[in-house]
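Please work through the following exercises with the sequence and the structure at hand. Each task is followed by a worked solution.

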Amino acid sequence: DMIKRGCLREELEAVHPLLYKLLRWIVGTNRCHLHYLTDSSMRVEGVHTEHQFILRSTPPEKERAFKQLKQEHRGTFYAFHGSGLGNWHSILRLGLKNFSGTEKQSHGAVYGPGIYMAVDGATALFYAGYGHVGTGWQHSQFGASVKCSALCEIVNYGPEDGKHCTGQLHRPKCKHSTSSPHYRVEMEELVVTRYLFIYANKINNTGVLAKDLKIPKNATV
């Protein structure tokens, strides 16, 4: 409404002198494509939130490389990635990165380095930090507690038998981490984000498995 009336800058600066500059910086530095899905036919069935977005956070050159890897190997599969709200600024601009062993690492990488991907939605939401300080804003339309997860497409790289894992893509309970329940992607080129889910209140994803979800065909276009 402020944009239509031509008073966006004035009204934002009335709230805080730096608010308009902050908004310009957020929009100007954001390279991702984020599209809110109002059409239910385009949403992912089985995910317990109506707040679903198509999320393309990889630059065109990485997307081309991903599609090439997809053709060279046995297609792709899907898994969840949950992360605290403070990490989404980076994810929306850079995509998922393997920050293991760096100052930007969020968790302990207990099963080894890589981008951790969950087979189920509940695990992703746990790592999204639900219930912890700083997971929302008191006056947000989503409530004081909000959490985000992504549904990601992963190249079906390497042997599916974990006993012969080559290391770039670790499947659950592979020979390198026999107790791990997660996918662990060391090679960043093997994973891209496809959907962003926002969860309000205390909605959970218990029992939601990525392998059982119905993904609309346009998700990978």
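The exercises below concern a predicted model.

**Exercise 1.** Determine how helix α1 and helix α2 are oriented to each other, and state which residues make the contact.

*Solution.*
Step 1. Helix α1 spans residues 8–15 and helix α2 spans residues 19–28; their axes come within 7 Å and cross at roughly 120°.
Step 2. An angle that is not under 35 degrees, not over 145 and not within 65 to 115 counts as oblique. The two helices, α1 and α2, are therefore oblique to each other.
Step 3. On the α1 side the contact involves Leu-8, Arg-9, Leu-12, Glu-13 and Val-15, and on the α2 side Leu-19, Tyr-20 and Leu-23.
Step 4. By class, these contact residues comprise 6 nonpolar and 2 charged, with no polar ones.

**Exercise 2.** Describe the sheet that contains strands β4, β7 and β6, and identify its edge strands.

*Solution.*
Step 1. The sheet is open, has 3 strands in the order β4-β7-β6, and shows antiparallel pairing.
Step 2. Strands β4 (115–117) and β6 (169–170) each pair on one side only, and are the edge strands.
Step 3. Between β4 and β7 there are 3 bridges in the antiparallel sense; Ile-115 stands opposite Val-185 of β7.

**Exercise 3.** Is Tyr-183 buried or exposed, and which residues does Tyr-183 touch?

*Solution.*
Step 1. Tyr-183 lies in strand β7 (residues 183–185).
Step 2. The relative accessible area of Tyr-183 is 17%. Buried means under 20%, so Tyr-183 is buried.
Step 3. Leaving aside residues up to four places away in sequence, Tyr-183 touches several residues, among them Phe-77, Ile-115, Met-117, His-170 and Pro-172.
Step 4. Tyr-183 and Ile-115 are 68 residues apart along the chain, with 8.1 Å between their C-alpha atoms.

Conventions
Residues numbered from 1 in each chain as written. Predicted model: local features only at pLDDT ≥ 70, side-chain atom pairs only at ≥ 80, totals over all residues. Heavy atoms only, no water. Axes fitted to C-alpha atoms, helices over the stretch in contact; angles between N-to-C directions. Helix = DSSP H or I, 4+ residues; strand = E, 2+ residues; numbered from the N terminus. Contact = heavy atoms within 4.5 Å. Nonpolar A, V, L, I, M, F, W, Y, C, P; charged D, E, K, R; others polar. Buried < 20%, exposed > 50% of the residue type's maximum accessible area, 1.4 Å probe, protein only. Pairing = 2+ DSSP bridges.
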